[in-house]
Amino acid sequence: MSTSPNSPAGASRAEAALVLFSGGQDSSVCLAWALERYARVETVGFDYGQRHVIEMQARQSVRAAMIERFPQWADRLGEDHVLDLTGFGAVAQSALTADVAIEMTERGLPSTFVPGRNLVFLIYAAALADRRGLGKLVGGMCETDFSGYPDCRRDTLDAMQSALNLGMDRDFVIETPLMKLTKAETWALAKSLGGEELVDLIVVESHTCYQGDRGELHAWGHGCGECPACELRQKGYEEWDAAGREALPA
Ligand code: ZN
């Protein structure tokens, strides 16, 4: 079968998805969710001056493991794209003056918040998806655990979807399968998509730790065990494990 940029592997735009994929737990579950649903799935990652090359390596490890261990998904998983957003990273960084830091505290946002980051990601993702003939944009945004991130809220994403479709004359759908889930329920979703095999893949291959620590393998994955990202991941995993490692009801 011949492929063209406008219809990868013969899939229509409605059957084809672009997953915003960082190599972390959440976006790995989103990738599995998309592979279960769509005939053609591509992934996009953003280099915005991330702390660790390790995040980029985790992306490749997760993709390779999914192809190897889930043959039914292998044919659906298409190209990976990495877009350079270091210019945006520099803007976000240089804006961290004392005044802005105080303002951010007054807004009640964590210091790790990068203003508008998800909005920028989505603009780039939509431009890429337009060129690649992909109609769905899938992201791991979640308003349950990080209620402080205004660009992860569904209201924001609905507005963004309207803006993208008006501005690009398209019919993109931004899908956020984790939006209402707790971190424990995200593990349950992984189990419902690919059983313990997928849970194991995500535990071992995905990367969440802010410190870039890949040393020790805990029950919940690699990581320092002390940074906020590790604490959240560990807590969610242990809650899900203690409750009997259930799959999410369909
Ligand atoms: Zn950590």
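**Asking how the labels were earned**

Reader: Leaving aside its neighbours within four places in sequence, what is N118 in contact with?

Author: N118 is in contact with M141, D151 and C152. Keep in mind that this is a predicted model. N118 itself is found in helix α6.

Reader: Why does N118 count as buried?

Author: The cut-off for buried is under 20% relative accessible area. N118 has 11% relative accessibility, so it goes in the buried class.

Reader: Staying with that helix, how is the packing of α6 and α7 described?

Author: Two numbers do the job: packed helices are described by the angle between their axes and the distance between the axes. For α6 (residues 117–132) and α7 (residues 154–168), the angle is about 35 degrees and the axes are 11 Å apart. As for handedness, the crossing is right-handed.

Reader: Which residues make the contact?

Author: From α6, they are L119, L122, I123, A126 and A127. On the α7 side, T156, L157, M160, L164 and M168 take part.

Reader: What is the make-up of the contact of α6 with α7 by class?

Author: Nine residues are nonpolar, one is polar, and none is charged. Leu, Ile, Ala and Met all count as nonpolar. T156 is a threonine, which is on neither the nonpolar nor the charged list, so T156 is the polar one.

Reader: Now the aromatics. Why are W187 and Y237 called a pair, and why edge-to-face?

Author: There are two tests, since a pair of aromatic rings is described by the distance of the centres and the angle of the planes. The W187 and Y237 centres are 5.2 Å apart, and pairing needs them within 6.5 Å, so they pair. Their planes are at 90 degrees, and over 60 counts as edge-to-face, so that label follows.

Reader: Where in the chain do the two partners, W187 and Y237, sit?

Author: W187 is in helix α8 (residues 183–205) and Y237 is in helix α9 (residues 228–242), 50 residues apart, so to speak in distant parts of the chain. In space, their C-alpha atoms are separated by 6.8 Å.

Reader: What makes Y237 and W240 edge-to-face?

Author: The angle between their planes is 65 degrees, which is over 60, so the label is edge-to-face. The centres are 5.8 Å apart, within the 6.5 Å limit. Both residues lie in helix α9, three residues apart, about one turn of the helix. With W187 added, the three residues form one aromatic cluster. A search of the whole structure finds six aromatic pairs.

Reader: How do you know whether Y237 is buried or exposed?

Author: Y237 has a relative accessible area of 8%, under the 20% cut-off, so Y237 is buried. W240 is buried too, and W187 likewise. Not counting residues up to four places away in sequence, Y237 touches W187, V203, A219, W220 and R245.

Reader: What value stands behind the class of S28?

Author: S28 has a relative accessible area of 0%, which is under 20%, so S28 is buried. S28 is found in helix α1 (residues 25–37). Beyond four places in sequence, S28 touches F21, G23, V62, M66, I202 and S206.

Reader: Is D200 buried, exposed or in between, and how do you know?

Author: D200 comes out at 37%. That lies between the 20% and 50% cut-offs, so D200 is partly exposed. The residue is in helix α8.

Reader: And what makes D169 exposed?

Author: Its relative accessible area is 70%, which is over 50%, so D169 is exposed. D169 lies in the loop between α7 and β5. Its phi is positive, about 50 degrees, although D169 is not a glycine. R245, in the segment after α9, also has a positive phi, near 50 degrees, and is a residue other than glycine.

Reader: How far is R13 from the ring centre of F172?

Author: R13 lies over the face of F172, at 5.3 Å from the ring centre. The distance limit for a charge over a ring is 6 Å, so the distance fits the label.

Definitions and conventions:
Residues numbered from 1 in each chain as written. Predicted model: local features only at pLDDT ≥ 70, side-chain atom pairs only at ≥ 80, totals over all residues. Heavy atoms only, no water. Axes fitted to C-alpha atoms, helices over the stretch in contact; angles between N-to-C directions. Helix = DSSP H or I, 4+ residues; strand = E, 2+ residues; numbered from the N terminus. Left-handed = near helix turned anticlockwise from the far one by under 90°. Contact = heavy atoms within 4.5 Å. Phe/Tyr/Trp six-rings, centres within 6.5 Å; stacked < 30°, edge-to-face > 60°. Buried < 20%, exposed > 50% of the residue type's maximum accessible area, 1.4 Å probe, protein only. Lys NZ or Arg CZ within 6 Å of the ring centre and 35° of its normal.
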